[in-house]
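Reader: Hey, got a minute to go through this one with me? I'd like to start with a pocket and work outwards from there.

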Amino acid sequence: MHTATAEALSNIAFIKYWGNRDQTLRLPSNASLSMNLAGLKTVTTVAFDPSLPGPDALTLNGHPTTGAALARVTRHLDLVRAAAGLSARAVVTSHNTFPSGAGIASSASGFAALTVAAARAAGLALNEVDLSVLARRGSGSASRSIPAGFTEWLAGEQPSGEDSYARTIAPPEHWALTDVIAVLSAAHKATGSTEGHGLADTSPFQAARVADAPRRLSLCRTALLARDFSAFSEIVEEDAVAMHAVMMTSRPPLFYWQPLTIAVIQAVPVWRAEGLPVCFTIDAGPNVHCLTPTEHAPEVERRLRALGVPDVLAAAPGGPARIIA
Ligand code: DP6
């Protein structure tokens with residue numbers, strides 16, 4: 001029996017991935033940029049067992065899991081089995097260190113950890129680029145959870161996807177930023193990212209968002225490398241709102257915001273104008289990620305709670321994904 005255990009972090013995108021040019025290979029319509037979130041981690045063990053008769057077995061956060069989640073894991077393991085010439089079924093045990101159902105995307109950390117553990121357990125010797133390409137097939141944003149720190153996922157040009165992977169543009173120590181997450185709802189989101197990516201092109205605004213993405217990414221990368229918080233905040237908020245404009249104008253439309261989401265995104269620019277360096281971004285859910293230099297994180301959390309935010313999580317830059325056993 002071949003076993004390996006890996007850990008990988010969730011990430012928050014500053015320039016968002018929304019929409020694919022190839023939905024099956026998860027080739028994105030635009031490049032994206034993110035920060036891996038220390039502490040928001042998935043730990044996954046994969047054991048290929050030739051004596052296992054049935055399907056792959058999956059345990060998520062202590063619960064035996066079948067259905068769509070298992071099917072997605074099996075499809076991913078099939079890619080690893082094909083590359084390694086293996087036919088053995090696997091036992092996969094995975095848990096998150098962040099509260100499940102807090103609306104923190106677990107597909108990025110989950111598929112990054114699954115990729116690293118399964119590749120090692122299958123005896124594949126993959127480098128970071130190979131692992132990022134493979135993780136991308138499981139979940140697009142998982143490609144960005146393979147390398148360390150602040151990472152950029154190149155859209156790539158090849159139809160095969162071999163040049164669509166993420167790489168580190170700055171190590172975790174580059175900038176002491178904290179993601180102070182306003183956790184607004186534990187409810188499962190109505191429309192998941194995979195389905196949402198498939199709707200992106202039904203919005204008349206998606207083509208404009210994608211056409212302008214290189215400009216936003218370049219401004220964001222430059223601001224990040226220069227640690228220019230003022231330029232960074234402007235472009236991060238602009239990019240998140242552009243993605244939500246596409247979501248809201250898709251057919252059918254996707255409305256992820258809740259009243260408290262709007263209260264936070266109206267307050268944050270006011271706080272910034274008052275001198276508190278903080279900006280917001282939002283993924284496919286109601287939670288608001290408030291990015292701030294780490295020394296200001298306690299003040300951001302205090303103000304979020306004063307607005308009525310029920311729960312707050314904080315995460316600093318971290319990574320890379322790695323084998324731990
Ligand atoms: C809004 O990577 O979760 O968080 O490839 O279908 O798993 P799949 O989608 P996923 O999409 C992430 C969407 C986002 C923006 C981002 O993280 O860039």
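**Pocket, ligand and odd backbone spots**

Author: Sure. In the second largest pocket, the lining residues split into one nonpolar, five polar and four charged. Keep in mind that this is a predicted model.

Reader: Which residues line the second largest pocket?

Author: The lining is made up of Gln23, Thr24, Arg26, Arg72, Arg75, His76, Leu79, Arg137, Gly138 and Thr194.

Reader: And which helix gives the largest share of that lining?

Author: That's α1, with four residues. Helix α1 spans 67-84, and both it and α3 (128-138) supply at least two lining residues each.

Reader: What volume does the second largest pocket have?

Author: About 230 Å³.

Reader: OK, on to the ligand. Which residues come nearest to it?

Author: There are 17 residues around the ligand, and Arg26, Ser139, Gly140, Ser141 and Thr194 come nearest. Two of those names should ring a bell: Arg26 and Thr194 also line the second largest pocket.

Reader: What's the polar contact distance for Thr194?

Author: An N or O atom of the Thr194 side chain sits 2.6 Å from a ligand oxygen. For Ser193, the side-chain N or O atom is 3.3 Å from an oxygen of the ligand. Arg144 also has a polar side-chain atom 2.8 Å from a ligand oxygen.

Reader: Is the ligand mostly buried or exposed, then?

Author: Buried: on its own the ligand would expose 460 Å², and the protein covers 96% of that.

Reader: What's the chemical mix of the shell around the ligand?

Author: The shell has five nonpolar residues, seven polar and five charged.

Reader: Which helix gives the largest share of that shell?

Author: Helix α4, residues 193-199, which contributes three residues.

Reader: Why do you place the ligand between the domains?

Author: Because both domain 1 (2-172) and domain 2 (174-315) give residues to the shell, the ligand lies between them.

Reader: Switching topic: backbone oddities. What's up with the phi of Arg26?

Author: Arg26 isn't a glycine, yet its phi is positive, about 55°. As background, most residues other than glycine have a negative phi. Arg26 sits in the loop between β2 (20-22) and β3 (27-28).

Reader: Where are the cis peptide bonds you'd point me to?

Author: One joins Arg251 and Pro252, with omega about 0°. Pro252 belongs to the loop between α7 (229-248) and α8 (259-273). Another runs from Gly319 to Pro320, with omega near 10°.

Reader: And which loop holds Pro320?

Author: The one between β13 (311-315) and β14 (322-323).

How values were computed:
Residues numbered from 1 in each chain as written. Predicted model: local features only at pLDDT ≥ 70, side-chain atom pairs only at ≥ 80, totals over all residues. Heavy atoms only, no water. Near = heavy atom within 4 Å. Polar contact = N/O pair within 3.5 Å; in protein donor to acceptor, adjacent residues only side chain to side chain. Areas by Shrake-Rupley, 256 points an atom, 1.4 Å probe, with all protein chains shown as cover. Nonpolar A, V, L, I, M, F, W, Y, C, P; charged D, E, K, R; others polar. Domains from an automatic or database assignment. 1 Å grid on protein atoms, 1.4 Å probe; cavity = no way out; pocket = protein on both sides within 12 Å on 5 of 7 lines; lining within 4 Å. Points joined across faces, edges and corners; volume = space filled by probe spheres on them.
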